[in-house]
Amino acid sequence: MASSTSSSGRSSSSSSSNSKWRYDVFLSFRGEDTRNTFTDHLYWALDRGNIKTFRDDEELPRGEEISPQLLKAIEGSRIAIIVFSKTFADSKWCLDELVKIMECEKEKGQKVFPIFYHVEPSEVRNQTGIYGEAFNNHERNADGEKKKKIEEWKAALRKAGKLSGFPLQDGSESNFIEEIIGEIRRLIPKLVHVGENIVRMDENLTAVKLLIDAHSNEVSMVGIYGIGGIGKTTIAKVIYNDMLDKFKRHCFLENVRERSKDDRDLLQLQEELLCDILMVKNLKLRNVHDGTEMIKSECHIEKVLIVLDDVDCPKKLKFLAANSEWFHQGSIIIVTTRNKRCLDVHKVYLSYEAKGLVYDQAKELFSWNAFQQHHPKDNYMDLCNRILYYAKGHPLTLVVLGSFLFQRDEDEWESTLNKLKTTPIEDIQKVLRISYDGLDDTCKKLFLDIACFFNGCDENFVTRILEGCKFHPKIGLRILDERCLISISIGLIRMHDLLQEMGWAIVHEKHPENPGKWSRLWQYEDITSVLTNNMGTKNIEGIFLNESKPIRLSTEAFKKMNRLRLLKV
């Protein structure tokens, strides 16, 4: 039993997933029966499984009461495991502890799991056999106060003895402990942190869950793709947390792209995945091929819930979750990515493109960050609508702008909106630019051409023009589409406003005040300034004048533009 002063208590290393609970498990046991055998093995198995567990390592000196610290440990534990062994009922401290545990079950919603270790549940429940003998000894010469306590003990034993638990008479103790760990882990879901002020994402969540349900009797493998900051990871986290209690084995592997630059990093991700699935603390693999084989063998034993967040290339899926044959029936594998190619190569994945927030959801998310409430202040309504129009339902933009504008006055809001017309927000650009930085040089040029000249244009028209630039646009446009940098629908090329702004910023970034050194010109004022003042340089590759205003041109203005390949005036 955990019948000792709290100064000798120890806890295994992990954090409870709910701040209400200090510990995941409180171990109650009779020391002289199981301290150095079964309970010790169980404690270390809980520790290896990253289950934060309280046990006490010393017996209470005879005559002492249970300490307040120990009572707090019971109250602060999500689950109590009671090891009913042969002499458990001989100890009044064990029985006092049991009474406290059953009080916490009733008053605090604590889960209680009895382990009937070489005793029958009926002996515990009815105080017969060796438990009956123990109570005969307690009742001998008992005064009125002690008789009252004995009735409390009996009531607690009756209640605990009726609970569904784990009986062990014969058989393998290691298998028995593994069964206990699996059940405890299922009841202590390690929820992933979703974030503050999350608004409903009904359309996205419903669509992904429908894809999962489509293969509920088999292996569900679903990929969520979309531009950076659109909410892919948030969708995956919400679904993971919702489904966690249905799985004993689960893993949320975050930031795969950032954490896997080479095979050594990928090996560490395999080790982390297997540690979570197998509920162990440390596991070492020789190479990624061994890791792949172990993932296949271990994930085929029992159903698993796995999220691979921000996967950026097909190779990584090849070594982490390549196909449904790796997994037990009922498993769910979710991948988030900016690169739809990852999902297309591994055809077992059903794909879903994450959508931006609709107006009401966008307004609520922005309001929580800008006003710390679910709706805008009345005098800011017009300004708020202008921000929502700019963000186009993009969650990251709404959060970043809302946090920036919090507690700023209306003039500062107006100034910010004016600034956004020419200067994108750096924190948003960093996230969006990740996909652009992963392109080769030709695709980068193709992206910038679309951002500056061809957004909203006919795909065939753009293809014909850019073929002449040796940009191989048929495959290039496909790659941009896969990376969620453009979309092609009913023959038209579309680019999200924020991505287009990013493209403009990339063109400006090296020479923000000197349009003559930009690679592309598309604004009337910049074009007229460069051409009328003969400011053009060899950097300029394209000029598109989309306005019908007159402009004076001379051949001298183009003299230095020896890389010019696109001209529309």
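This passage looks at two elements of a predicted model, strand β4 and helix α12.

Strand β4 makes a good starting point. The strand runs through residues 77-84, and eight of its eight residues are buried. Strands pair with β4 through two sets of bridges. With strand β2 (residues 23-28), β4 pairs in the parallel sense over five bridges; within this pairing, Y23 has S77 of β4 as its bridge partner. With strand β5 (residues 111-117), β4 is joined by six bridges, and these two strands also run parallel. Here I79 stands opposite K111 of β5. The connection between β4 and β5 involves a helix as well: together with helix α4 (residues 92-108), the two strands make a right-handed β-α-β unit.

Further along the chain comes helix α12, made up of the twelve residues 288-299. How far apart should its ends be? At 1.5 Å a residue, the helix should span 16 Å, and its end C-alpha atoms are indeed 16 Å apart, so the expected and computed values agree. Which residues of α12 are buried? They are V288, G291, T292, I295, E298 and C299. These residues cover an arc of only 145 degrees around the axis, which means that they lie on the same side of α12. Several elements help to cover the buried residues, among them the strands β8 (249-253) and β9 (304-308) and the helices α11 (263-278) and α13 (314-320).

The beginning of α12 has a feature of its own. N287 caps the N-terminal end of the helix, with a side-chain oxygen that lies 3.0 Å from the backbone nitrogen of H289.

Notes:
Residues are numbered from 1 along each chain as its sequence is written. This is a predicted model: local features need pLDDT of at least 70, side-chain atom pairs count only at pLDDT 80 or more; totals for chains, interfaces and linings use all residues. Side-chain values use heavy atoms; hydrogens and water are left out. Helices (H or I, at least four residues) and strands (E, at least two) are DSSP runs, numbered from the N terminus. The expected span of a helix is 1.5 Å times one less than its number of residues. Buried means under 20% relative accessible area, exposed over 50%, partly exposed in between (1.4 Å probe, protein chains only). The arc is that of the directions from the helix axis to the C-beta atoms. Contact means heavy atoms within 4.5 Å. A polar contact is a pair of N or O atoms within 3.5 Å; within protein, one must be able to donate a hydrogen and the other to accept it, and residues adjacent in sequence count only if both atoms are side-chain atoms. Two strands pair if DSSP finds at least two bridges between them. A crossover is right-handed if, with the strands pointing away from the viewer, the path from the first strand over the helix to the second runs clockwise.
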